[in-house]
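Here are my notes from going through this model with you in mind. Have the viewer open while you read, and take the points one at a time.

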Amino acid sequence: HGLFTYDPGYGSTGSTQSAITYIDGDEGILTHRGYRIEDLAEHSDFMEVCYLLLEGELPNAKQKAEFEKNITYHTMLHEQITRFYSGFRRDAHPMAVMVAVAGALSAFYHDSTDIHDPRQRTIASHRLIAKMPTIAAMAYKYSVGQPFVYPQNKLSYAENFLNMTFAVPAEDYKVDPVVAKAMDKIFILHADHEQNASTSTVRMAGSSGANPFACIAAGIACLWGPAHGGANEAVLKMLHEIGSTANIKEYIAKVKSKQDNTRLMGFGHRVYKNYDPRASVMRKSCHEVLDALGMRNDPLLKLAMELEKIALNDEYFISHKLYPNVDFYSGIILQAIGFPTSMFTVLFALARTVGWVAQWKEMIEDPSQRIGRPRQLYTGYGERPYVPMNKRK
Ligand code: CMC
């Protein structure tokens, strides 16, 4: 179209240069700063991955300790923020609460909203990573009518989050190490995924010079949709709807006929035309966690595995190159840990915050950065004369 290319969904538009994450969709490869996601999930931990995404290198022992200290320093929320929650209906979706509370951070932490000051950028990054688990756990506590549990900095990032979510004053709660490890792995698997819709939203919002808290709130809003982060919640709903292995064939037929635009949730990806490497790790982790929790015979897991097997052998899914993505198995683990489905996308947002922040920082520090401003193909009326009210039909 003359000056620009029409590319709905930006399928062939490179919107930025980036040195953070690489995806080879045909081969099913995902690396962060050159390290394979499988290696990071196996050998690393979430704090280390956060450092890697933000700083570009794996930390040495001293750097890691310092980074963890910086994060734990910021885990508390300003006490006035905790009062926001009571303004929401009890049955508010926790993602609605996340969008609101994350956005409100910019009204409290004025000393880290100057995007031109590198020190303030770093403090904002640490604050966002540190506070997101607290915001998320409080959203959950509010929804079930339990008192908030404050962060405990002697716990690891995942343990602290689980403790704030599941501890109740009446009981001695101790985080199960198997569950904490699984949680940490889920965080690693969701940490970043180059220019997906929510990350592109964060970059777009940030390109105007908006402060990082406002930009991350925009990212959370975008992530909420069922085609993106909302898919993990949608997978569980779908599995419940299918109900039993006997009904799989019928459901697949419905998907193939595109009746009511039904899709197999947790399947397909814009970039991966092969098995999503995160899904392979998640699948293995799902078996390990359910085994450890004594839920090996969980009917949902059985149903998911059978559904995957049937889909992967079906001509429609083969010819459309549709494979399980990261969300196909994550919901089953999260449900086994005890999270309600409404919290699934919240956990995705919590883990993706570091990716959003790293990408936002990279953009701000890129001298070639300019405001994001796509063009359009105008399809409306040509110019016409103004019609006075008494002449209108
Ligand atoms: N089930 C059935 N058919 C599908 C599916 C699916 N899950 N995904 C794509 N297709 C079909 C689609 O109907 C179309 O068929 P045809 O060419 O016959 O018209 C073709 O595949 C291409 O689909 P598309 O919508 O153009 O593909 P896209 O790249 O725009 O969409 C997607 C990618 C992830 C939105 C899509 O695959 C989908 O809706 N999947 C289900 C939701 C889901 O699991 N999302 C999580 C993504 S991974 C986590 C994250 O990063 O958020």
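The numbered points below go from the overall layout down to single residues.

1. Before anything else, remember that this is a predicted model. Everything that follows describes that prediction.

2. Let's begin with the layout. The chain splits into two domains: domain 1 takes in residues 30-219 plus 342-364, and domain 2 covers 231-337. Look at how domain 1 is written as two stretches, with domain 2 numbered in between. From one C-alpha centre to the other, the domains are 27 Å apart.

3. Where the domains meet, domain 1 puts in 16 residues and domain 2 puts in 15. Which elements of domain 1 give two or more residues to the side that touches domain 2? They are α1 (37-43), α8 and α17. Helix α8 has the largest share there, with 7 residues. Sorted by class, this side of domain 1 has 11 nonpolar, 3 polar and 2 charged residues.

4. Stay with α8 for a moment. How do helix α8 (residues 177-190) and helix α13 (residues 277-292) sit relative to each other? Their axes come within 10 Å and cross at roughly 170°. Angles over 145 degrees count as roughly antiparallel, so that is the label for α8 and α13. On the α8 side, the contact uses Val-178, Ala-182, Lys-185 and Leu-189. On the α13 side you'll find Arg-278, Val-281, Met-282, Ser-285, Val-289 and Ala-292. Count by class and you get 7 nonpolar, 1 polar and 2 charged residues in this contact. If the spacing of those numbers catches your eye, here is a handy rule: an α-helix has 3.6 residues a turn, so residues three or four places apart point the same way.

5. Now for helix α5, residues 94-104. Its buried residues are Pro-94, Met-95, Val-97, Met-98, Val-99, Val-101 and Ala-102. What do they pack against? Four helices: α4 (79-82), α6 (118-144), α10 (212-223) and α17 (344-364).

6. Gly-103 also belongs to α5, but it counts as partly exposed because it has 18 C-beta neighbours inside 10 Å, and buried starts at 20. Leaving out neighbours within four places in sequence, Gly-103 contacts Phe-213, Ala-214 and Ala-217. Here's a nice one to check: Gly-103 and Ala-218 are 115 residues apart in sequence, with their C-alpha atoms 8.0 Å apart.

7. For a contrast, try Asp-172, in the loop between α7 (157-166) and α8. Asp-172 is exposed, since it has 6 C-beta neighbours inside 10 Å. Asp-172 and Gly-209 are 37 residues apart in sequence and 46 Å apart in space, C-alpha to C-alpha.

8. Two residues deserve a look at their backbone angles. Glu-194 has a phi near 40°, which is positive even though this residue isn't glycine. Glu-194 is in the loop between α8 and α9 (197-207) and is partly exposed because it has 17 C-beta neighbours inside 10 Å. Asp-260 has a positive phi too, about 55°, and isn't a glycine either. Asp-260 sits in the loop between α12 (248-256) and α13, and with 8 C-beta neighbours inside 10 Å it counts as exposed.

9. Last, the ligand. How many residues surround it? The answer is 21, and the closest are Ala-231, Arg-263, Gly-268, Arg-270 and Asn-325. By class, the shell has 8 nonpolar, 10 polar and 3 charged residues.

Conventions:
Residues are numbered from 1 along each chain as its sequence is written. This is a predicted model: local features need pLDDT of at least 70, side-chain atom pairs count only at pLDDT 80 or more; totals for chains, interfaces and linings use all residues. A residue is near a molecule or strand if its C-beta atom, placed from the backbone, lies within 6 Å of it. Ala, Val, Leu, Ile, Met, Phe, Trp, Tyr, Cys and Pro count as nonpolar, Asp, Glu, Lys and Arg as charged, and the others, Gly among them, as polar. A residue is buried if 20 or more other C-beta atoms lie within 10 Å of its own, exposed if 12 or fewer, and partly exposed in between; C-beta atoms are placed from the backbone. Two residues are in contact if their C-beta atoms, placed from the backbone, lie within 7 Å. Axes are lines fitted to C-alpha atoms, for helices over the stretch in contact, and angles run from 0 to 180 degrees between N-to-C directions. Angles under 35 degrees count as roughly parallel, over 145 as roughly antiparallel, 65 to 115 as roughly perpendicular and the rest as oblique. Domain bounds come from an automatic or database domain assignment.
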